[in-house]
Amino acid sequence: MKATQLLALLAAFTISSGSFAADKPTEPKAKVFIIEPTNGATVSTTFTVKFGATGVEILPAGTDKPNSGHHHLLIDTETLPDFHAPLPASPTLIHFGKAQTETQITLSPGKHTLQLILGDYIHVPGNNPLISEKITVTVK
């Protein structure tokens, strides 16, 4: 088998495996982002965070479909998690495995950062993870 044939076979296997779009070519403009609150906003102790996505389908965890995933919200996270392992649920890394596109959170007064990362059907971001810009909010 020629090297080009082997590469084509490997690419076909990867595409048909059903893993997250991050491991395959994605829409050129695929991204995740926080719609609300906006960067620099002042919010109350309990507030709504709305998630956005383009070029990727938001589906519940466990749904193995190419170019899809579900949101995970990182709160006050300095170091991004391992992209090749399932994201570990914690108070600062919240899973939205039912394909939710918004949530209410309660934070203590002060400055906090928020960031989204998309995980596949088993919570793995993959080789080309979709990560939002980090925003900062001030809780009053």
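Out of the 140 residues in this protein, 38% are buried. Keep in mind that you're looking at a predicted model. There is 1 helix here, along with 9 strands, and the helix comes at the N-terminal end of the order, with the strands following it. Below is a quick tour, starting with the whole chain and then zooming in on a few strands and residues.

**The whole chain**

- Reading from the N terminus, you'll meet the elements in the order α-β-β-β-β-β-β-β-β-β.
- Take the contacts in the protein with a separation of 6 or more: 68% of them are between residues 24 or more positions apart.
- The accessible surface adds up to about 7600 Å², and carbon and sulfur atoms account for 58% of that.

**Strand β8 and its partners**

- Strand β8 covers residues 110–119, and because 8 of its 10 residues are buried, the rest of the structure largely encloses it.
- One partner is strand β5 (residues 68–75), which runs antiparallel to β8 and is joined to it by 6 bridges.
- For an example of how β5 and β8 line up, find Leu-73, which sits opposite Leu-116 in β8.
- Strand β9 pairs with β8 too, again antiparallel, through 5 bridges.
- Two of the matches to look up between β8 and β9 are Gly-110 with Val-139 and Leu-114 with Ile-135.

**Strand β9 and its other neighbour**

- Strand β9 spans residues 135–139 and is mostly covered, with 4 of its 5 residues buried.
- Besides its antiparallel pairing with β8, β9 pairs with strand β2 (residues 42–43), and this time the strands run parallel.
- That parallel pairing rests on 2 bridges, and in one of them Thr-42 has Thr-138 of β9 as its partner.

**A closer look at His-112**

- You'll find His-112 in strand β8.
- Is His-112 buried or exposed? Its relative accessible area is 8%, which is under the 20% cut-off, so His-112 counts as buried.
- The His-112 side chain makes a polar contact with the side chain of Asp-76, at 2.7 Å.
- A polar atom of that His-112 side chain also lies 2.7 Å from the backbone oxygen of Ser-108.
- Which residues does His-112 touch, leaving aside its neighbours within four places in sequence? The list is Asp-76, Leu-107, Ile-135, Thr-136, Val-137 and Val-139.
- So Asp-76 turns up both as a polar partner of the His-112 side chain and in that contact list, because contact here means heavy atoms within 4.5 Å.

**The loop between β8 and β9**

- Asn-128 belongs to the loop that links β8 and β9.
- With a relative accessible area of 49%, Asn-128 is partly exposed, because that value falls between the 20% and 50% cut-offs.
- How far apart are Asn-128 and Phe-83, in sequence and in space? They are 45 residues apart along the chain, with a C-alpha to C-alpha distance of 8.6 Å.

**Aromatic rings**

- The count of aromatic pairs in this model is 1.
- There's also a charge to spot over a ring: Lys-31 lies over the face of Phe-33, 5.5 Å from the ring centre.

Conventions
Residues numbered from 1 in each chain as written. Predicted model: local features only at pLDDT ≥ 70, side-chain atom pairs only at ≥ 80, totals over all residues. Heavy atoms only, no water. Buried < 20%, exposed > 50% of the residue type's maximum accessible area, 1.4 Å probe, protein only. Areas by Shrake-Rupley, 256 points an atom, 1.4 Å probe, with all protein chains shown as cover. Pairing = 2+ DSSP bridges. Phe/Tyr/Trp six-rings, centres within 6.5 Å; stacked < 30°, edge-to-face > 60°. Lys NZ or Arg CZ within 6 Å of the ring centre and 35° of its normal. Polar contact = N/O pair within 3.5 Å; in protein donor to acceptor, adjacent residues only side chain to side chain.
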